[in-house]
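Please open the model in your viewer and keep the sequence panel beside it. The tour below goes from one selection to the next and says what is found at each stop.

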Amino acid sequence: MTQFVYLFDEDGKKGKELLGGKGANLAEMTRIGLPVPYGFTISTEACNAYYQAGKRLPSEMKKQIETALHHLEGRTGKKLGDTRNPLLVSVRSGAVHSMPGMMDTVLNLGMNDETVEAVASLTYNPRFAYDTYRRFIQMFSDVVLHVDGFYFEQLLEEVRIAKGYATDPEMTAEDWKEVIEGYKELVRKHAKKDFPQDPKEQLQLSISAVFDSWNNQRAFVYRRLHKIPDDLGTAVNIQSMVFGNMGNDSGTGVAFTRNPSTGEAKIYGEYLINAQGEDVVAGIRTPQPIAAMETAMPKVYQQFAETCHLLESHYKDMQDIEFTVERGKLFILQTRTGKRTAQAAIRIAVELVKESIIDKKEAILRIEPEQLNQLLHRRLDDAKERNVMAKGLPASPGAATGQAVFDADEAERMAKDGKKVILIRPETTPDDIHGIVAAEATVTSRGGMTSHAAVVARGMGKACICGCEALSINLKLQQIAVAGTIIEKGDVITIDGSTGEIMLGEIPMIDPELSEEFQLLLTWADEERTLGVRANADNPEDAQKALDFGAGGIGLCRTEHMFMDSARIPVVQEMILAETFDERMEALDQLLVMQQEDFELIFEAMKGLPVTIRLLDPPLHEFLPDKEELLVEVTKLQLSSSFSEELLEKERLLRNVRKLDECNPMLGHRGCRLGMIFPEIYEMQVKAIFYAICNLRDKGMDAAPEIMIPLVGHVNELKEMRQLVIGTAMEIEQEAGQEFNYQIGTMIEVPRAALTADQIAKEADFFSFGTNDLTQTTFGYSRDDAEGKFLSTYIENKVLPENPFATLDQEGVGKLVELGVRLGRETKPGLKTGICGEHGGEKESIRFCHETGLDYVSCSPYRVPLARLAAAHAAIKQAQKQGESRELQLH
C-alpha cells in the first residue's frame, strides 16, 4: 500500500521531493519545537496518482486523508463541521520548488451557515466569524467553483461605499451577513448551484482544486521560465487555522530574516493588524513595516526575532517566514528559503561565510550564475535630471524604461513585437505572470514589499515598485492620473526599483560597477575553477570591459566587425568590387592601416594576455548594398535619368552584387574559402597583426596572437592557410628584424572538421569550437529561420528540451565536440581547446566544457563573471560527485 498522507510530527524525516518544500519545512519546524499550527501533508506522489486516476482522488487516498483528519481533530479538540467547536483548516499547495502564488490556496475551510454561528459564540466576536465566512466563500468560489473574484470584490466595494466605510475593518457583523447573502447569490448565478455546506465535500473539492492548479496556465509559465520539470507534482498541506483577524491583538505578516533586496542582516517584512495572510500577499491592503510590531506587540516581536534567528541558523540561509498572531500568541505558518535579488544573494552568501555559518564553496554554489546578469545591467545616471511624478515602495532594484501598459496580455503582445513595456496594475495576481515575464518592470498602486508583484519580480531579477498610492489607475481608460499629469497607454516612463521613483520619459543609464562582495565571491570562484574564461571582443572598449570583468584573454576577435565601420565600408566595397588585382591591392593597402591600428589598440588593452584573432569569415555580399533595394534604385533611375553617371554606377554595382549572390551564403563562399580564392585578403590581415606587434614593442609591450582560420572542413584548407600565415610572418620578421611568438589554429564549426580532427590537428596549434555554426550544421537549422519559424513551438511541445542555440545540445553537437577534443589530442596531446559561441556564457554548456576537458570558454564581456562562477560550480560539483562515488565504493 502506497502511503500518500504524512502527519507533521510523523517519525522519520521525509524530504521535499515527497512532501514538497512547504510540507517538509512544516514537519521540520514541528520537530524543532516551533509554534506551528498542526496538520498533515498529502504528498507529491498523491498528485501524480490523482492525475493517473483521471483527476480523481483514489479511494485509498481518501481513507488516509480521513484517518489523518481524525488525528488532527484529536490533537486540536475540534471537529470539522461540528456545530459546537468546529475545526477550520487551510488547504495549501506546496511544490518541491518554491512557486510563490502560482498555485491555489483555500483558507477558513469548514465554514458554513451553522459553524459560523458556533465560531461567533466561541470567540464572543460575531464580526470576526462572519468576516471569516465571507472570506471563505470568496476564496473557495474563485479557486474551486471558478467564479471570478472580481464579482465578489465589486459587490464588497458597493456595500462599503453605500455604508460610507473606507476600509474593511469598519464593517460590522450585520454588514458581513449582508455581504455573505450577496456572495451566495453570486455563486448561484455564476456556478449554477448553491454554495456547498458540507465541510467534507468542501475539503475533497479543495484538495482536487489544488492538485488541478499544478497544471494551470500561470504555474506552467512559471515552470517553463524556471526550468522546473512538469512531472514533479505538488503536495497539499492541510493545517488547522489560526486567525489574525480577531481584533487589534491579532495580525498577520510576511518577513525575511535578512533584507531580500540588499542582503542587509536585519529582519525585513510587513504585517497587518486584524487581517488574514492573503491580505498581505495579495496586496489588497498596504501593510506596515515589521519594525512597527516592536512597538505594537513588543513581547510577540521579541519571540518572532528569536524564531527568525533560530530558523536561519537551522537552515543556514535567509528565510521567508509567514506568521500569524492570534490574540497575542505567535504562530509560524511557513518558512522557506527566501527569494532575493542577485545583489542581496551575493552579500548574504559572503556574510554567512564571515559568520562561519557556511564555507566558501557553499557560498559559491548559493549564487546561480544567471543571477549575475541582474548586476551587470545598466542603472540610471544620477547626474541626469529626473522628472519624478510619484514614489512607491522600492520592491525590487534595477532601472527600466518602457511604454506604459495596463494589461498582462497586452504586455506580452507588445513585447513579442519587440517593444519595451512597463506593466502597471492596481495589484498583480498570479494570472499576470506572463505579463511580468514580458515586461521590463512592474508597478502597482497597492500592495507592499512582500506582495505577489514584489516576490515574483525579485525572483526574476526585474525592477518593481509597489504600493504607489499616488497613482490613480483607470484600467477602463488605460491611463494613470498622477500629480496633475495623465499618462496614457504607450507613453514612455522610467522607473528606479532601488528608490521607488517613477519618472516621465526616458532617463539615460550608465554601466554597472561590481561591489566588493561581488569581487570577493568571484575571487573565491577563481580559486576553485580549472576552466579558463576569455571574452569575445572586437574593439578596445570591449577588450577593456572584458579585462575589468576578469577575462583571461580574448577567445574570439571577429575581424569582420572592424570592417563594418561606416567610414570603412566604402573602402571594403572598393576591395570587393575591384575588377583587377592591382585595384584590389590598392583598397587592401588602405584597410591594412586601419586593421593594424585596431589590433594594436586591442593588444595594448589586453596587456600581454592571449588574443585569438579570427580572419575574415562572412560572405562578401554582407558588405554590399541589399540586392532588392539596389534593383529598386536602378529601376527608378532608368525611368528618370536613363543616361546618368549615377545609373551606370548603380548598374555596375548591381552586376557585381548578382555575381556574388548565393542561394545559401552561410554554406557558400565564406570563411577559409575566401582565403583560398582571395589569399591577398588574409595576407593583409596577417600583416596588420604583425605590424601592430612591431609598433607595440616600440612602446615596451608585446603580444602573442593566436591566429584562427575559420570554417575549415578539410585538413588541406588549414595546411594551405597555415603556410600563408607563416610565410607572411617570416616576411615581416625579415623586414623588421624581429621574431614573433604566435600560434595558428582553426575554428571547428562543421561536423567534418570534428570527425577528422586527428588529421586537422597536425596543422593546428589550437582548436576553438564555433558552437553557433556547429549547431546549425549539425541540426541542419538556419538559426535566423528556425528561431522565427518553428523552434519556439518545438520547445513548448517538448520536441526539444532546450533551444540548442542557447544551451549546447550535448547529445548531438556535444558528441562532436568530445570527439574533436579526443581525436585532436590523440594527434597532439597538448592541443589547446576552447569554445567561442554563445554557449560560452551559459552555465550548463560551461559544465559540459569543464567535464569534457576544454581549456577555456569565451563569451561576451558582460557574461564573463557568469562564466567564472559557472566554471567554479562545475569544478565543485564534479569534486563532490567524485567524493560521493569514492564513499560508496568504500562502503
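## A guided tour

Begin by selecting Tyr794, which is partly exposed, with a relative accessible area of 31%. The model you are looking at is a predicted one. Now add Phe790 to the selection, a residue that is also partly exposed, its relative accessible area being 28%. Phe790 and Tyr794 form a tilted aromatic pair, with 5.1 Å from centre to centre and 55 degrees between the planes. If you then add Phe779 and Tyr781, you have the members of one aromatic cluster, made up of Phe779, Tyr781, Phe790 and Tyr794.

Before moving on, zoom out to take in the whole chain, whose C-alpha atoms fill a box of roughly 105 × 80 × 50 Å along the principal axes. The chain has 36 helices and 33 strands, and buried residues make up 55% of its 891 residues. Of the contacts between residues at least 6 apart in sequence, 70% join residues that are at least 24 apart.

How many aromatic pairs does a search of the whole structure find? The search finds 19, and one to select next is Phe136 with Phe195, where the ring centres are 5.6 Å apart and the planes stand at 85 degrees, so the pair is edge-to-face. Phe136 lies in helix H5 (residues 126-143), while Phe195 lies in the loop between helix H7 (173-191) and helix H8 (199-213), so the pair ties together parts that are 59 residues apart in sequence. Phe136 is buried, with a relative accessible area of 0%, and Phe195 counts as buried too, at 6% relative accessibility.

Two further stops show a charge placed over a ring. Select Arg223 and Trp214, and you will find the charged end of Arg223 over the ring of Trp214, 4.0 Å from its centre. Then select Arg534 together with Tyr856, where the charged end of Arg534 sits over the tyrosine ring at 4.1 Å from its centre.

From here, turn to the barrel, which eight strands close in the order E26-E27-E28-E29-E30-E31-E32-E33, with parallel pairing. From one strand to the next, the twist averages 25 degrees. To look at one pairing in detail, select strand E26 (residues 532-536) and strand E27 (residues 554-558), which pair in the parallel sense over two bridges; Ala535 has Ile554 in E27 as its bridge partner. Helix H36 (residues 864-890) can be shown next, for this helix packs on the sheet and touches E26 and strand E33 (856-859), its direction making about 160 degrees with that of E26. Another helix to bring into view is H34 (residues 813-827), which lies across strand E31 (766-769) and strand E32 (832-835) and runs at about 180 degrees to E31.

The last stop concerns the cysteines. A disulfide is a covalent bond between the sulfur atoms of two cysteines. How many disulfides does the structure hold? The number is zero, and Cys557 offers an example to inspect: the closest cysteine sulfur to its own is that of Cys836, at 12 Å, which is too far for a bond. Is Cys557 buried or exposed? With 0% relative accessibility, Cys557 counts as buried, whereas Cys663, the final residue to select, is exposed, with a relative accessible area of 87%.

Definitions and conventions: Residues are numbered from 1 along each chain as its sequence is written. This is a predicted model: local features need pLDDT of at least 70, side-chain atom pairs count only at pLDDT 80 or more; totals for chains, interfaces and linings use all residues. Side-chain values use heavy atoms; hydrogens and water are left out. Rings of Phe, Tyr and Trp (its six-membered ring) pair if their centres lie within 6.5 Å; planes under 30 degrees apart count as stacked, over 60 as edge-to-face and the rest as tilted. Helices (H or I, at least four residues) and strands (E, at least two) are DSSP runs, numbered from the N terminus. Buried means under 20% relative accessible area, exposed over 50%, partly exposed in between (1.4 Å probe, protein chains only). A charge sits over a ring if NZ of Lys or CZ of Arg is within 6 Å of the ring centre and within 35 degrees of the ring normal. Two strands pair if DSSP finds at least two bridges between them. Axes are lines fitted to C-alpha atoms, for helices over the stretch in contact, and angles run from 0 to 180 degrees between N-to-C directions. Contact means heavy atoms within 4.5 Å. A disulfide is a pair of cysteine sulfur atoms within 2.5 Å.
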